[in-house]
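This report walks through one structure, part by part. Have the sequence and the 3D view open as you read.

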Amino acid sequence: MQKLEDVIKPYDQNFTTMVPTPFVKFFRTCVIWQFIRFVHINIKMIIVVMKSH
Amino acid sequence: MARLVIMGGGVSGHTAATFARKWLGKEHEVVVVTPNSNWNWIPSNIWVGVGQMTKEDVVFPLAPVYEKAGIEFKQAKAVSIHPDGNADSDTSYITIESTSADTAGQTEEITYDYLINATGPKLNFGATPGLGEGTNLGEHTVSVCTADHAVHANEELRKVFDKAKAGERQKILIGTGHGMCTCQGAAFEYIFNIDHEAKKAGVRDMVDIKWISNESFLGDFGIGGLHMNRGGYAASSRLFAESLYSERQIPWIIGAHVSKVEAGKVHYELLDGSTGEEEFDFSMLIPPFAGVGLTAVAKDGSDMTDTIFAPNGFMKVDANYAAGDYANWKASDWPETYQNPTYSNMFACGIAFAPPHPISKPMSSPAGTPIFPTPPRTGMPSGIIGKAVAHSICDMIKNPDAKPHKASMASMGAACVASAGKGLTDGTAAALTVYPVVPDFEKYPGLGRDLNYTFGEIGLAGHWIKHILHHLFIYKAKLKPGWTLIPE
């Protein structure tokens, strides 16, 4: 598992940005959680599509 | 009987043609003129470019689809428009030049009652020395703009991976190849798919991947960035873009105009006036876009291209081209009907219409080099505009007094899914919606967009959506049963 110190170095180009913690990264590819997000994102997209036609 | 001629068979032109055919009776003709024999689902080209799809997965032949639908198909490129006819006739017509293998180079005149310009962009590789000649890709870099380009890109990428496996450190540079490019999203997808594939190939630690683009901040994407409601904050897309680049260990060069490309090296100028060089073993740089070079000819044979087209070659429509400086820009500058102001039977849709101005704030280096993204008109807006234009023309054919339909990018949203790696259980993509596409700072002061309908997140769900959309839109484009139920 990639650690935060692998991607951020003090005063490097990316020192002032946010980086995901291992917790966040785990849920990005957690199939059960992502299935819930799949439903949620689809609903939000369908609303935007309907508003745009 | 009326004849509708559509120049271009991409997302916008194909959408316009197929809906016009559906809405018009058989007594009317629908003709599509496009230089390509295949239809290409361009958003999936990035997967061809990393070897995760084949060319055959992203294209299909247009001729049988049009034959079945009752659309006349001309494999040719449009050359000139004669809106008032010629000395012998008042009938409007276009001239085309065949690109079909058996009749290549032969010219023909096609008369029309209504004309849609959906020719898309000219890939202007020649704008940057070394990037290519005219519309032809050069020898130093690769492209994913067409399916064939993407096949070539993957072949070159695999050579780089092979060298990395052999212990030879490799440099990869991805981004935009000129100060006035659009389509940063395609380069964004490609760089993260390369990162994903390099990890799968076990060579990521031997490959240095770097981003270079004309955006003044990461996450601009040619739409001036966006804000989304996350954790109780209206958070800028810059935060999320920088976060992703950091997480994937991809450094970036932004505000860059690539001024020259050589073998293994690009030269660039930055917004602060400094210049630099970047070496590479493999590079994919998006070219700037221009109009395809159509000319317009008056009845007496004189050139009237300036009347119909903007200087960049895109067709003038009902936009406000006199908005001037950024401070004067309004959402209402953007076109609603896409009708040419000189000829009411002529429309443009997709990339082919001339936008009134960029969406991102124009910037330039101290030397005066313009460095900012030009506005995207692809994907969902392109399809919606094509459909609206077809609707307008069908109504006008049935009732000459009918009012054209409206589909302003300043009042429509867009859903966008940007792949960051392909895989059923380990793929990710950024799923985004923006509403509206063009920020309206009068209606939504400060952010320009409605936070309730502008959101984004990255994850496996986004990848599933992108993969499903790939099959869904190809199904729709093939006019399979129920195709009209699938929205643009």
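Which elements do the buried residues of helix 7 of chain B pack against? They pack against helix 1 (4–7) of chain A, together with strand 13 (207–212), strand 15 (233–236), strand 16 (252–253) and strand 26 (455–459) of chain B.

Some ground rules come next. This is a predicted model, in which local features need pLDDT of at least 70 and side-chain atom pairs count only at pLDDT 80 or more, while totals for chains, interfaces and linings use all residues. Residues are numbered from 1 along each chain as its sequence is written, and chains are lettered from A and ligands numbered from 1 in the order in which they are written.

**Chain B overall**

Chain B has ten helices and 26 strands. Both are DSSP runs numbered from the N terminus: helices are H or I with at least four residues, strands are E with at least two. The C-alpha atoms of chain B fill a box of roughly 70 × 55 × 45 Å along the principal axes. Of its 488 residues, 55% count as buried. Buried means 20 or more other C-beta atoms within 10 Å of a residue's own, exposed means 12 or fewer, and partly exposed lies in between; C-beta atoms are placed from the backbone. Residues 24 or more positions apart account for 66% of the contacts in chain B with a separation of 6 or more. A contact needs C-beta atoms, placed from the backbone, within 7 Å.

**Helix 7 of chain B**

Helix 7 covers residues 237–247. Nine of its eleven residues are buried, so helix 7 is largely enclosed by the rest of the structure. Among the buried ones are B:Phe240, B:Leu244 and B:Tyr245.

**Backbone details**

Two loop residues other than glycine have a positive phi.

| Residue | Phi | Loop in chain B | C-beta atoms within 10 Å |
|---|---|---|---|
| B:Cys183 | near 65° | strand 12 (170–176) to helix 6 (184–200) | 23, buried |
| B:Gln249 | near 55° | helix 7 to strand 16 | 16, partly exposed |

B:Gln249 sits just after helix 7 of chain B. Elsewhere, a cis peptide bond joins B:Tyr435 and B:Pro436, with omega about -5°. B:Pro436 is in the loop between strand 25 (429–434) and strand 26 of chain B.

**The core**

The largest nonpolar core has 155 residues. Such a core is a set of buried Ala, Val, Leu, Ile, Met, Phe, Trp, Tyr and Cys residues joined through C-beta atoms within 7 Å. B:Ile6, B:Ala16, B:Ile191, B:Cys349 and B:Val389 touch the most other members. Helix 9 of chain B gives the most to this core, with nine residues. Beyond four places in sequence, B:Cys349 has contacts that include B:Ala16, B:Ile385 and B:Val389.

**Helix 1 meets helix 9**

In chain B, residues including B:Ala16 and B:Phe19 of helix 1 meet residues including B:Val389 and B:Ile393 of helix 9.

**Where the chains touch**

The contact takes 24 residues from chain A and 29 residues from chain B. On the chain A side, helix 3 (residues 31–52) gives the largest share, 13 residues.

Definitions and conventions. Two residues are in contact if their C-beta atoms, placed from the backbone, lie within 7 Å.
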